[in-house]
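The following exercises concern a single protein chain and are to be worked with its sequence and coordinates at hand. Each task is followed by a solution in steps.

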Amino acid sequence: METMENTSILEELLVKKSQQKKKISPNNYKERLFVLTKTSLSYYEYDKDKKGNRKGSIDIKKIRCVETVNPEEPTLLERQYPFQVVYKGGLLYIYTANEERRRHWLEALHKEIKGNPDLLNKYHKGFFSNGKFMCCNQTCKSAPGCTIWETYSSLLAANTAVKPLPPVPGKQYQEAVVLAADKSFLKEALAVYNYEPQGNSDIPLVRDNKYYVLKDDDPDWWQVRDLEGNEGFAPRACLKEIAQTSDELGGITEIDDVSSEEEESIDRYDWYAGNISRGQAEQLLQRKGKEGAFMVRNSSHVGKYTVSVLCMASRERKGTVKHYHVHLNNTNQFYLAENHCFSSISKLIHYHQHNSAGVVTRLRHAVSTKTNKVPSTAMLGNGPWELKREDIVLLKEIGSGQFGVVQKGKWKEKYDIAVKMIKEGSMSEDEFIEEAETMMKLNHPKLVKLYGVCTKTYPIYLVAEYMANGCLLSYLKSHGKELHPFQLVEMCCHVCEAMAFLEKHQFIHRDLAARNCLVDSDLTVKVSDFGMARYVLDDQYVSSLGTKFPVKWSAPEVFHYTKFSSKSDVWAFGILMWEVFSLGKQPYERCDNMQVIEKITHGYRLYRPQLASEAIYQIMYSCWHELPEKRPTFHHLLSLFEPHKEDDHP
């Protein structure tokens with residue numbers, strides 16, 4: 001007789017990925033009949049409508065997490081909806097036919113595991129593949145998760161009997177109770193502006209109200225929860241991170257995050273550079289070229305800071321940059337040298353501006369990366385993308401491109417912007433305006449931000465993020481000789497990160513080259529003009545036989561068949577890498593377009609630049625495989641760069 005424990009809750013034919021318990025195990029996919037009961041999740045052979053031998057079973061009590069997982073790249077249509085079952089001793093990946101079936105399985109499994117004692121509060125959103133997690137590159141299968149598992153708190157709450165608290169008046173206490181009952185947020189934030197939602201997924205903000213930040217991985221939008229439990233997305237620029245103390249929480253709990261409090265307070269100082277890398281800091285300080293030039297930046301160790309300072313008393317013509325980690329002692333005081341401790345980083349910097357005290361030289365000249373960028377709300381004008389022309393003042397011409405002149409401007413007389421003034425007849429305007437909103441939503445730290453357009457009168461304005469150091473190609477030609485090879489690798493990585501993001505969102509650039517990348521004030525390289533080639537009306541540019549067509553950056557399938565894809569972008573990225581490591585040289589410099597087409601068709605590829613190691617050349621060469629499917633994805637290219645990055649050691 002069938003008991004409640006072994007009664008089937010769900011049965012379905014699903015695809016299971018091999019668990020690769022040994023490194024040499026083949027990576028395969030098998031159709032199995034999955035059966036969920038109160039006590040186990042089991043899977044069976046299934047052939048000719050018959051259930052065969054049981055091939056595996058997981059005890060429900062041993063399951064620690066059930067969550068979606070990002071699809072592998074590239075992936076087949078039938079493997080678009082994977083989820084993962086993390087249990088004591090293993091990890092199982094299962095594929096459903098569609099999103100509705102996946103959600104059904106997740107809900108059923110969550111219901112059964114909510115009483116489990118060892119649930120995880122973090123999980124891995126990427127597959128474990130080729131010996132590492134694709135999301136964070138950890139190589140141990142049992143490595144702790146890297147992403148907050150939002151479902152954890154609701155499962156935990158369902159499993160915990162909470163004694164009702166006696167009624168105590170006062171808003172402060174209510175906030176504390178909400179905080180104590182749900183610790184799944186990352187941090188607290190205060191609304192500094194009111195915000196009215198622009199879409200279904202947004203949440204309204206009320207100035208001076210407190211919110212709990214659930215996700216902060218997008219540079220422009222945070223996912224937050226208000227005190228009533230409503231969740232949604234809000235502009236990062238409208239929120240200010242706040243520190244929490246036991247006094248604020250009425251003694252219920254204590255969160256003491258010195259680093260986040262300090263980061264908020266030091267952001268106003270010119271010497272604080274935020275999230276720039278060791279390589280970028282060295283470039284900026286050596287360009288300053290003065291003894292004691294310095295900046296403070298976020299360390300590669302989360303929550304820590306590094307002071308980078310230039311010393312000219314060395315044999316190096318450009319001087320040597322020294323990096324000092326800011327340490328915290330057991331009384332929460334900051335120091336570079338143990339005998340000189342301070343209650344804040346600003347006080348520490350002030351002291352070392354007047355005394356070297358264990359540092360190679362005193363901190364004499366603050367090097368700033370700060371600019372007057374438009375706040376990241378992306379809602380600047382009358383509608384989602386239409387801006388008021390009267391809010392824009394044009395200052396000076398900073399370049400010209402396929403569509404017309406580019407000017408530096410000011411928005412609202414305060415914020416720096418770049419304005420592309422579209423000359424009539426150069427662009428398929430109606431098609432572009434239809435797509436402008438989609439392009440504005442592509443937010444990534446390594447993509448040049450498109451703020452909006454002015455289309456009411458001619459010339460049409462494209463309003464974008466202002467990048468102080470201009471075009472990457474020009475930067476390489478004027479400053480390339482100052483750069484170390486690892487700094488060139490870093491530039492390629494910046495571009496690759498942006499392209500991996502576009503690839504993930506199935507957006508094709510079509511004209512990737514150094515001329516279409518820009519360099520910010522902190523030397524971050526960002527990709528610009530993504531997708532704009534679709535709107536060019538110049539036949540010389542559109543036709544592969546035209547003299548303006550970028551043949552030298554084009555894959556064979558593009559100049560033969562006008563077939564664009566993320567893999568044709570990969571080919572162009574290989575050419576961009578060559579431009580970077582040759583410091584801005586023209587690829588195939590002695591050949592015209594027809595000669596280039598003939599050479600590539602017969603197997604010729606660009607030579608290795610002098611500054612590129614053999615390993616780096618192999619990365620760029622892998623982008624130039626004749627068959628698109630043989631070229632790596634941008635996601636894979638990022639992993640190839642990893643061993644060539646400079647470590648951020650002091």
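**Exercise 1. The end of a helix and its surroundings**

Just after helix H5, Gly289 takes a positive phi of about 70°. The model is predicted, so local features need pLDDT of at least 70 and side-chain atom pairs count only at pLDDT 80 or more, while totals for chains, interfaces and linings use all residues. Residues are numbered from 1 along each chain as its sequence is written, and side-chain values use heavy atoms, with hydrogens and water left out.

Task: determine how many residues of H5 are buried, and state which elements the buried residues of H5 pack against.

Solution.
Step 1. Helices (H or I, at least four residues) and strands (E, at least two) are DSSP runs, numbered from the N terminus. H5 covers residues 278–288.
Step 2. Buried means under 20% relative accessible area, exposed over 50%, and partly exposed in between (1.4 Å probe, protein chains only). Nine of the eleven residues of H5 are buried, so H5 is largely enclosed by the rest of the structure.
Step 3. The buried residues in H5 are Arg278, Gly279, Gln280, Ala281, Glu282, Gln283, Leu284, Leu285 and Gln286.
Step 4. Contact means heavy atoms within 4.5 Å. The buried residues of H5 pack against E18, E19, E20, helix H8 (472–479) and H9.

**Exercise 2. Two helix pairs**

Task: describe how H5 packs with H9 and how H12 packs with H14.

Solution.
Step 1. Two packed helices are described by the angle between their axes and the distance between the axes. Axes are lines fitted to C-alpha atoms, for helices over the stretch in contact, and angles run from 0 to 180 degrees between N-to-C directions.
Step 2. The axes of H5 and helix H9 (residues 485–504) come within 9 Å and cross at roughly 120°. That angle makes H5 oblique to H9, because angles under 35 degrees count as roughly parallel, over 145 as roughly antiparallel, 65 to 115 as roughly perpendicular and the rest as oblique.
Step 3. The crossing of H5 and H9 is left-handed; a crossing is left-handed if the near helix is turned anticlockwise from the far one by less than a right angle, and right-handed if clockwise.
Step 4. From H5, Gly279, Gln280, Glu282 and Gln283 meet Phe486, Gln487, Glu490, Met491 and His494 of H9. The residues of this contact divide into two nonpolar, five polar and two charged. Here Ala, Val, Leu, Ile, Met, Phe, Trp, Tyr, Cys and Pro count as nonpolar, Asp, Glu, Lys and Arg as charged, and the others, Gly among them, as polar.
Step 5. Helix H12 (residues 566–581) and helix H14 (residues 614–622) pack at an angle of about 145°, with their axes 7 Å apart. The crossing of H12 and H14 is also left-handed.
Step 6. Gly574, Met577, Trp578 and Phe581 of H12 meet Ile616, Ile619 and Met620 of H14. By class, this contact has six nonpolar, one polar and no charged residues.

**Exercise 3. A strand with two covered faces**

Task: establish which residues lie on each side of strand E19, and how E18 and E20 pair with E19.

Solution.
Step 1. Seven of the seven residues of strand E19 (residues 305–311) are buried, so E19 is largely enclosed by the rest of the structure.
Step 2. Tyr305, Val307, Val309 and Cys311 lie on one side, and Thr306, Ser308 and Leu310 on the other.
Step 3. Two strands pair if DSSP finds at least two bridges between them. Strand E18 (residues 293–298) pairs with E19 in the antiparallel sense over five bridges, and Val307 in E19 is the bridge partner of Val296.
Step 4. Six bridges join E19 to strand E20 (residues 320–325), again antiparallel; Val309 stands opposite Lys322 in E20.

**Exercise 4. Two open sheets**

Task: give the strand order of the seven-strand sheet and of the five-strand sheet, and identify the edge strands of each.

Solution.
Step 1. The seven-strand sheet is open and antiparallel, in the order E4-E3-E2-E1-E7-E6-E5. Strand E4 (50–59) and strand E5 (63–68) stand at the edges, each with a single partner strand, so one side of each is left without a neighbour in the sheet. Neighbouring strands of this sheet are turned by 35° against each other on average, direction ignored.
Step 2. The five-strand sheet is open and antiparallel, in the order E25-E26-E27-E29-E28. The edge strands are E25 (392–401) and E28 (450–454), each pairing on one side only. The twist averages 25° from one strand to the next.
Step 3. Eight bridges join E25 to strand E26 (residues 404–411), where Gly404 is the bridge partner of Gly401.
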